[in-house]
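Student: I want to see how each label is earned. Can we go through the reasoning step by step?

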Amino acid sequence: MNIRGRVTSLDGTPLPGIEISIRQADGYGDYTGQHSGVLTTDGKGRYQFGSVVPGNYTGARHVHVTIYQEGWQYFDTSILFKDDPSQETHYQDGTAIFLEESTVNGETILFGRFDIVLTPD
């Protein structure tokens, strides 16, 4: 899967240089540490990462997203997936996104979008 988005302030201003911590289970639902890292937004506040679709861990597939950046309120949520029937019963906090299928160079890839809005301290 490939997830991309933008990080903006409340007024829609793109935020460059924001560090986004992500972590998720592997395709079997196990946390191995292999699927985690830190991304930094570009000059237009954009980010993008590619990974496996996480397996069910504690009931629902998800990707943890955390931002702790000076000058901004702490941001912590989970990206959930709308086609996962267990996401509604296992997670009250988080935003569900669609993963859309596309073929690139003969390979089927799932794409999703997750935008983040930060609140100043």
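Tutor: Yes. This is a predicted model. Start with Y31. Outside its neighbours within four places in sequence, Y31 is in contact with R23, Q24, A25, Y57, H62 and H64.

Student: Where does Y31 lie?

Tutor: Y31 sits in the loop between β2 (19-24) and β3 (36-40).

Student: Why is Y31 called partly exposed?

Tutor: Its relative accessibility is 29%. Buried needs under 20%, and exposed needs over 50%. The value falls in between, so Y31 counts as partly exposed.

Student: What makes the link between the side chains of Y31 and H64 a polar contact?

Tutor: The two side chains are 3.1 Å apart. The cut-off is a pair of N or O atoms within 3.5 Å, one able to donate a hydrogen and the other to accept it. The side chain of Y31 also makes a polar contact with that of H62, at 3.4 Å. Both distances fall within the limit, so both pairs carry the label.

Student: How far is Y31 from P54 in sequence and in space?

Tutor: They are 23 residues apart in sequence and 9.6 Å apart in space, C-alpha to C-alpha.

Student: Now β1. Why is β1 described as largely enclosed by the rest of the structure?

Tutor: The strand covers residues 2-9, and six of its eight residues are buried, so the description follows.

Student: How do you know which strands pair with β1?

Tutor: Count bridges; a pair needs at least two. Strand β4 (residues 46-50) is joined to β1 by five, running antiparallel. Strand β9 (residues 107-113) has three, in the parallel sense. Strand β10 (residues 116-118) also has three and runs parallel to β1. Each count meets the threshold, so β4, β9 and β10 pair with β1.

Student: Which residues stand opposite each other?

Tutor: G5 has Y47 as its bridge partner in β4. I3 faces G112 in β9, and S9 faces L118 in β10.

Student: Which residues have the most contacts inside the largest nonpolar core?

Tutor: I3, I20, Y47, I116 and L118, in a core of 21 residues. Elements giving two or more residues to this core are β1, β2, β4, β5 (62-67), β6 (75-81) and β10.

Student: Which element has the lowest mean pLDDT, and which the highest?

Tutor: Helix α1 (residues 87-90) has the lowest, 65, and β1 the highest, 98. Where pLDDT is low, the predicted coordinates should not be read in detail. The chain's mean is 91, with 93% of residues at 70 or more.

Methods. Residues numbered from 1 in each chain as written. Predicted model: local features only at pLDDT ≥ 70, side-chain atom pairs only at ≥ 80, totals over all residues. Heavy atoms only, no water. Buried < 20%, exposed > 50% of the residue type's maximum accessible area, 1.4 Å probe, protein only. Helix = DSSP H or I, 4+ residues; strand = E, 2+ residues; numbered from the N terminus. pLDDT = per-residue confidence, 0-100. Contact = heavy atoms within 4.5 Å. Core = buried A, V, L, I, M, F, W, Y, C linked by side-chain atoms within 4.5 Å.
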